[in-house]
Amino acid sequence: MLIDVCMEKDSLWKHEFVDPVQRAAPGSRVVHMSDVTEQDIGEADSIIICGTALMDNEYMKHWNDFGWLKRTDVPVLGICAGAHIISKIFGGSICMSNEIGMVEIRVTERNDLFRGTFHAYELHNSAASLPRGFIALAESDKCLQAFRHASKDIYGVLFHPEVRNTGTIARFLEKKKKDGPGGI
Amino acid sequence: MKLGVLFSGGKDSCLACHRAMQKNLIVCLISVLSKNDESYMFHTPNISLTELQAKAMGLPLVRKETEGRKEEELKDLVDAIEEAKMHGIEGIVTGAIDSVYQSTRIQRICNRLGLYCFNPLWQADQKALMEEVISSGFDAIVSGVFAYPLGREMLGRKIDSKLLDEMMENSKRYGISPSGEGGEIETFVRDGPMFRHRIRVDGARKVFDGDSGIYRIEKARLVKK
């Protein structure tokens, strides 16, 4: 399941921030953050929380809608705004940090989604701090780029893997296939 | 939300505009006229005809000329977008599909100017976009070819399923982008779903040099649909 966190449901931004992720996760269904139910979370085999536009901070008014993150055992990948949401829900904080364009990412902790040093597309005015109980996985010159829950498959990436790094999404989905029955 | 569309007059900016019109209010088109045929940012053949296209769509056009030097042309784009603010725009729409170079620069400009940026074709499948251009009723022609094996005979041709098949074949054999996103082709839109009038080309000249050529439209006018 993909969660669309753009300002409005079925907005023009969906083409830009959700559809490319859906192409990298074929067969996934899209639910806007305003429509997500406990049943949706329970039925999903994996969840990707997509990003949104640079100046769209509407999702920051809806942290409480993501309380399910603390209860779920479903693998979750938060992209950009999605990473902010994960950090916030687990006690982290959001700070100003601007990166736009291709940026060098250095992996600091071995993980299943990416390795080594690579370039990724960034589009953010804010970064997230590492919440307690999470492990930092990657960084750029400016900020924390990726983290993972210490015991659950909950990942946050600040960069946009749907641009130039769709392998990150594919490897996240493989993880789900290994652990679950399949289907998203 | 009131938006302005960065408009080159080609199929991508027209399709982006069409998609944007389904969700938002488009209040103006913005064109940067580059004097440099090798412009890094701006599509060039027949760019001066965006004025006629804007009239066909019944929208005001904000246009700025640029010498087309690498980063300087971005200052001209900033000026154009600043001027477009008089139309009350809150954001900009672009036809960027896969160019990180182009999208990065426009995102930075919008961020600095406090405007939302929309790229409704971003990362889309290029064959699917070409099919959408055809199925949505756009009348677009090839106005420039810039890669082997695209030849003189391609200039002025309408984008239809036969041309798309040829582009797909060229994509397989020569690795060129099926929609010309890599700059392999440029296009000019004569009609589309948001056009109130269509454009009739009364005179054009094919200019070919080496492996590239331009279909230079010399005479065009609006006609009833």
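**Two chains, one predicted model**

Q: Where in chain A is the place of Met60(A)?
A: This is a predicted model, in which local features need pLDDT of at least 70 and side-chain atom pairs count only at pLDDT 80 or more, while totals for chains, interfaces and linings use all residues. Residues are numbered from 1 along each chain as its sequence is written, and chains are lettered from A and ligands numbered from 1 in the order in which they are written. Helices (H or I, at least four residues) and strands (E, at least two) are DSSP runs, numbered from the N terminus. With those names in hand, Met60(A) sits in the loop between S3 and S4 of chain A.

Q: Why does Met60(A) count as partly exposed?
A: A residue is buried if 20 or more other C-beta atoms (placed from the backbone) lie within 10 Å of its own, exposed if 12 or fewer do, and partly exposed in between. Met60(A) is partly exposed because the number of other C-beta atoms within 10 Å is 14.

Q: Which elements make up chain A, and in what order do they run?
A: Chain A has five helices and nine strands. Starting at the N terminus, the order is β-α-α-β-α-β-β-α-β-β-β-β-β-α.

Q: Why can chain A be called as compact as a globular protein of its length?
A: The radius of gyration is taken over C-alpha atoms, and the globule rule is 2.2 Å times the number of residues to the power 0.38. For 184 residues that rule gives 16 Å, so chain A is as compact as a globular protein of that length, its own value being close, at 15 Å.

Q: What percentage of the contacts in chain A with a separation of 6 or more comes from residues 24 or more positions apart?
A: Two residues are in contact if their C-beta atoms, placed from the backbone, lie within 7 Å. Among the contacts in chain A with a separation of 6 or more, the share from residues 24 or more positions apart is 69%.

Q: Which strands of chain A pair with S9(A), and in which sense?
A: Two strands pair if DSSP finds at least two bridges between them. Strand S4 (residues 76-79) reaches S9(A) over four bridges, with Val76(A) opposite Ile154(A). Strand S8 (residues 144-149) does so over three bridges, Arg148(A) facing Tyr155(A). The partners of S9(A) are thus S4(A), parallel, and S8(A), antiparallel.

Q: Which residues point one way from S9(A), and which the other way?
A: In a regular strand the side chains alternate between the two faces of the sheet. Strand S9 (residues 154-157) of chain A has all of these residues buried. Ile154(A) and Gly156(A) point one way, and pointing the other way are Tyr155(A) and Val157(A).

Q: How many of the nine residues of H4(A) are buried?
A: Helix H4 (residues 81-89) of chain A is mostly covered, and what covers its buried residues includes S3, S4, S5, S6 and S9 of chain A. The buried residues include His84(A), Ile85(A) and Ile86(A). Of the nine, the number buried is seven.

Q: Which element gives the largest share of the side of chain A that touches chain B?
A: The contact takes 17 residues from each of chain A and chain B. At least two residues each come from helix H1 (14-17), helix H2 (19-24), strand S5 (94-107) and strand S6 (117-128) of chain A. The largest share, three residues, belongs to S5(A).

Q: Which strands of chain B stand at the edges of the sheet?
A: The open sheet has four strands, paired antiparallel in the order S7-S6-S9-S8 (chain B). Two of them have a single partner strand each, so one side of each is left without a neighbour in the sheet. Those edge strands are S7(B) (185-191) and S8(B) (197-209).

Q: How far apart are the C-alpha centres of the two domains of chain B?
A: By an automatic or database domain assignment, chain B is divided into domain 1 (2-118) and domain 2 (136-224). In the contact, 19 residues of domain 1 of chain B meet 26 residues of domain 2 of chain B. Helix H1 (11-23) and H2 of chain B each give two or more residues to the domain 1 side. The C-alpha centres of these domains are separated by 20 Å.
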